[in-house]
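Thank you all for coming; I would like to take a few minutes to walk you through one structure, going from the ligand to the interior. Please have a look at it first, and then I will begin.

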Amino acid sequence: MESDPQLRALAARLAAAGRLSVLTGAGVSAASGVPTFRGEGGLWRTFRAEDLATPEAFARNPRLVWEWYDWRRQIVAACAPNAAHQVLARWGRRPGFTLVTQNVDGLHELAGSPDVARFHGSIWEVRCRDWCAGSPPSWTDRTVPLPVLPPPCPHCGGIVRPNVVWFGETIDPRVFARALAATSCDVFLTVGTSALVYPAAGLVHEASRQGAFTAEINIERTPASDALDLALQGKVEEVLVALDRLMEAATAPEP
Ligand code: APR
């Protein structure tokens with residue numbers, strides 16, 4: 001794989017980039033055993049993410065939505081970061097590096113990535129559905145499985161919801177601002193995302209508009225592929241390791 005000219009070209013770009021931004025999606029956690037939202041294994045029972053990850057679905061049937069999250073939380077709790085998370089955690093020590101993730105599983109943080117911009121929130125945080133006066137804006141709850149679904153709000157007796165961004169909801173403005181700032185970079189790389197869900201999917205195009213070199217790594221082509229400078233097909237956990245090795249070789253001092 002490391003002799004692939006496209007891979008070598010991307011490694012050279014990455015090694016030389018003063019400002020490098022990476023956007024990750026569910027494909028990065030696939031090798032850890034976390035199901036993706038689309039494609040093979042994307043359905044839970046008969047439901048698509050779009051049927052469950054909405055405020056309307058939660059209003060209609062909070063228990064059902066929580067059953068899905070409780071199921072995902074149990075799976076993720078048993079998963080460990082994979083080689084892709086580890087490479088990105090290493091790159092996180094470079095100055096000028098920003099990691100933006102759509103993933104809510106927390107595996108980047110577990111691998112040691114600092115300052116992850118969590119575009120869609122965290123599956124390990126909850127908040128009172130009604131933002132009751134007695135409760136903090138959100139809090140961590142790592143209990144798996146949850147004993148009662150939907151879990152009660154300890155502050156008002158109402159119910160809590162996952163502190164994630166659902167379809168139709170706005171991204172936390174501070175996180176959005178960080179992600180937008182990351183589009184001003186030398187290289188913007190998207191990895192393991194279907195590039196279907198906006199506004200996250202728009203970040204790479206904004207980076208391109210600002211003059212960044214843009215690339216994606218995915219096992220298949222995506223709706224973004226044609227607009228990017230480079231679309232590499234492959235498993236992210238393998239391609240990132242190969243890129244990392246090539247970059248190290250490129251920056252190693254001469255013997
Ligand atoms: N290596 C590289 N790519 C992979 C791998 C792998 N090992 N496994 C899967 N993929 C790719 C798939 O080809 C697909 O394009 O990862 C992508 C996963 O796509 P989605 O399931 O749509 O995940 P994502 O893009 O993160 O979804 C965006 O949608 O449901 C919402 O909020 C949820 O954050 C999520 C958002």
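Before the ligand itself, one term: when I speak of a polar contact, I mean a pair of N or O atoms within 3.5 Å. Please also keep in mind that what you are looking at is a predicted model.

With that in hand, which side chain has an N or O atom 2.7 Å from an oxygen atom of the ligand? That is Thr 193, and because the cut-off for a polar contact is 3.5 Å, this pair counts as one. The side chain of Glu 220 also has an N or O atom by an oxygen atom of the ligand, here at 3.5 Å, while for a nitrogen atom of the ligand the partner is a backbone N or O atom of Val 236, at 2.9 Å. On its own the ligand has 740 Å² of accessible area, and the protein covers 92% of that.

Stepping back to the whole shell, there are 22 residues around the ligand, and the closest are Phe 37, Arg 38, Thr 193, Ser 194 and Asn 218. Sorted by class, the shell holds eight nonpolar, 10 polar and four charged residues, and helix H2, which spans 27–30, and helix H10 each supply at least two of its residues.

Helix H10 brings me to the interior. In soluble globular proteins, nonpolar side chains tend to be buried together. Here the largest nonpolar core has 30 residues, of which Trp 91, Leu 189 and Leu 240 touch the most other members. Several elements supply at least two residues each, including helix H1 (5–16), strand E7 (187–191) and helix H10 (236–251), and the largest share, seven residues, comes from H10. Taking Leu 189 as an example, and leaving aside residues up to four places away in sequence, its contacts include Leu 10, Leu 14, Val 22, Trp 91, Ile 217 and Leu 240. Apart from this core lies another, of 29 residues, with Trp 44, Ala 53, Val 76 and Cys 153 among them.

Finally, I would like to turn to a polar residue, Asn 103, which sits in the loop between E2 and helix H7 (107–111). Is Asn 103 buried or exposed? Its relative accessible area is 6%, and because buried means under 20%, Asn 103 counts as buried. The side chain of Asn 103 reaches the backbone nitrogen of Ala 26 at 3.0 Å, and Asn 103 also touches, among others, Thr 24, Val 28, His 108 and Gly 121.

How values were computed: Residues numbered from 1 in each chain as written. Predicted model: local features only at pLDDT ≥ 70, side-chain atom pairs only at ≥ 80, totals over all residues. Heavy atoms only, no water. Core = buried A, V, L, I, M, F, W, Y, C linked by side-chain atoms within 4.5 Å. Buried < 20%, exposed > 50% of the residue type's maximum accessible area, 1.4 Å probe, protein only. Helix = DSSP H or I, 4+ residues; strand = E, 2+ residues; numbered from the N terminus. Contact = heavy atoms within 4.5 Å. Near = heavy atom within 4 Å. Polar contact = N/O pair within 3.5 Å; in protein donor to acceptor, adjacent residues only side chain to side chain. Areas by Shrake-Rupley, 256 points an atom, 1.4 Å probe, with all protein chains shown as cover. Nonpolar A, V, L, I, M, F, W, Y, C, P; charged D, E, K, R; others polar.
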